[in-house]
Amino acid sequence: MKITPLEPFGADVEDIDTRAVSVEDQHALVEALAEHHVLRIRGQTLDKAEYARFGRTFGDPIDFFFTKDLDPEFPALITISNSPDLDPGRRDGASFWHTDGSYEYMPATSTMLYAVEAPDHGGETRFTDLTAAYEALPDAMRMQIEGLKARHMLVGGKREADETPIKLDPDEAGRDGGVRAKKRASERPVHPLVITHPISGRRNLYGVAGTPYGIQGMEPEEGERLLAEIKAHAVAPRFNTEVKAEAGDILIWDNLATLHRATPIEYSAEDGKRRRLLRISTQGLPPSHADRVPLFKAPEGHVSIKLA
Ligand SMILES: O=C(O)CCC(=O)C(=O)O
Ligand SMILES: [Fe+2]
């Protein structure tokens, strides 16, 4: 296995067959993801069962059930595509800074996209490095946010002009039988603004865009102001990179130490324009690092309503 760092962060991984990864290489991949935040494993040929098995390297694959894109045989796999058949209301849905599942008690710790088809142009995923952003904070700000917890909810985060607006009322029953409204009512987690990464042991900002709407113990406006300030700092271009999953690549990111966003793309079924990826999100600790202390804990007896 060969790991080549990308600039300014991320790494390409070559000379590995993800159908059969040794225990040593599983450990090394998890360490590499924690170090580089984003890995692009090049040139893979996987069927769904093989990919679903590989996904377990990074944690417990999260099963989703409220999506038309769900694979009945592999409930942890979701298809992302730019097919013109896709409901216009769901297009460009990920084109805003976020981390996956931060509106849940048990957020995703890693997400991976296996590119079955990639367009000739465009289709990159953008990332921001929340370790570098934390380390670059002025000392006074680092002290101010130490120990603070943000309140999160589905569609909680403020979106900027260049981010996909929240298109549909999340409480609208017609969209999905009201499952989003139920989710919003049932899960209002708080997560620390600063975490110690369970694998790297480094401190970084967490979940500072996409879903946070307030800070525990602060007046609403004061919390919103602080969140806006942290987001503006964290997503600044100097902490950003872009990586494209070309056909055959598995693009994996560390949801604990990055924010990401999709880049808007033309919806087309033409040759050279199609983008189709299989997505897996995991939660909990990777089997290779099961001795670490997990970051998140669901309240006793809570059953998560799953969304994609
Ligand atoms: O399509 C992409 O590049 C990213 C989509 C995304 O945000 C996700 O899969 O969690
Ligand atoms: Fe995402």
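A donor, for a metal ion, is an N, O or S atom within 2.8 Å of the metal. Keep that in mind as we look around this model, which is a predicted one.

**The iron site**

Let's start with the metal. Which residues hold the iron ion? The iron ion (ligand 2) is coordinated by NE2 of His98, OD of Asp100 and NE2 of His260, at 2.1 to 2.2 Å. Along the sequence, these donor residues follow the spacing H-x1-D-x159-H. Is histidine 98 buried or exposed? Histidine 98 has a relative accessible area of 9%, so it counts as buried. Aspartate 100 is buried too, with a value of 7%.

**Around ligand 1**

Now for the other ligand. Histidine 98 turns up again here, since the residues around ligand 1 are Ile80, Ala94, His98, Asp100, Leu113, Thr125, Trp253, His260, Ala262, Arg275 and Arg279. Sorted by character, that shell splits into 5 nonpolar, 3 polar and 3 charged residues.

Some of these neighbours put a polar side-chain atom next to an oxygen of the ligand. For histidine 98, an N or O atom of the side chain sits 3.1 Å from an oxygen atom of ligand 1. For threonine 125, the distance from a side-chain N or O atom to a ligand oxygen is 2.6 Å. Arginine 275 joins in as well, with a polar side-chain atom 2.8 Å from an oxygen atom of ligand 1. How much of ligand 1 does the protein bury? On its own the ligand would expose 300 Å², and the protein buries 95% of that.

**Salt bridges**

Away from the ligands, there are charged pairs to look at: the structure holds 19 salt bridges. Here are a few of them, with the distance between the N and O atoms.

| Salt bridge | N to O distance |
|---|---|
| Glutamate 14 and lysine 2 | 3.8 Å |
| Lysine 158 and glutamate 224 | 3.4 Å |
| Arginine 261 and aspartate 162 | 3.6 Å |

Take the pair of glutamate 14 and lysine 2, joined by a salt bridge. This pair links distant parts of the chain, with glutamate 14 in strand β2 (residues 11-14) and lysine 2 in strand β1 (residues 2-5), 12 residues apart. Glutamate 14 is partly exposed at 29% relative accessibility, and lysine 2 is also partly exposed, at 44%.

Next comes the salt bridge between lysine 158 and glutamate 224. Lysine 158 sits in the loop between β8 (149-152) and α5 (173-176), while glutamate 224 belongs to helix α7 (residues 220-234), so the pair ties together parts that are 66 residues apart in sequence. With a relative accessible area of 56%, lysine 158 is exposed; glutamate 224, at 34%, is partly exposed.

Then there is arginine 261, which forms a salt bridge with aspartate 162. Why does this pair tie together parts of the sequence? Arginine 261 lies in strand β15 (residues 258-262) and aspartate 162 in the loop between β8 and α5, so the parts they join are 99 residues apart in sequence. The two ends sit in opposite surroundings: arginine 261 is buried, with a relative accessible area of 3%, whereas aspartate 162 counts as exposed, at 52%.

Salt bridges also come in groups here. Asp12, Arg40, Arg42 and Asp249 are linked together in a network of them.

Terms used
Residues numbered from 1 in each chain as written. Chains lettered and ligands numbered in written order. Predicted model: local features only at pLDDT ≥ 70, side-chain atom pairs only at ≥ 80, totals over all residues. Heavy atoms only, no water. Near = heavy atom within 4 Å. Polar contact = N/O pair within 3.5 Å; in protein donor to acceptor, adjacent residues only side chain to side chain. Areas by Shrake-Rupley, 256 points an atom, 1.4 Å probe, with all protein chains shown as cover. Nonpolar A, V, L, I, M, F, W, Y, C, P; charged D, E, K, R; others polar. Donors = N, O, S within 2.8 Å, 3.2 Å for Na, K, Ca; no water. Buried < 20%, exposed > 50% of the residue type's maximum accessible area, 1.4 Å probe, protein only. Salt bridge = Lys/Arg side-chain N within 4 Å of Asp/Glu carboxyl O. Helix = DSSP H or I, 4+ residues; strand = E, 2+ residues; numbered from the N terminus.
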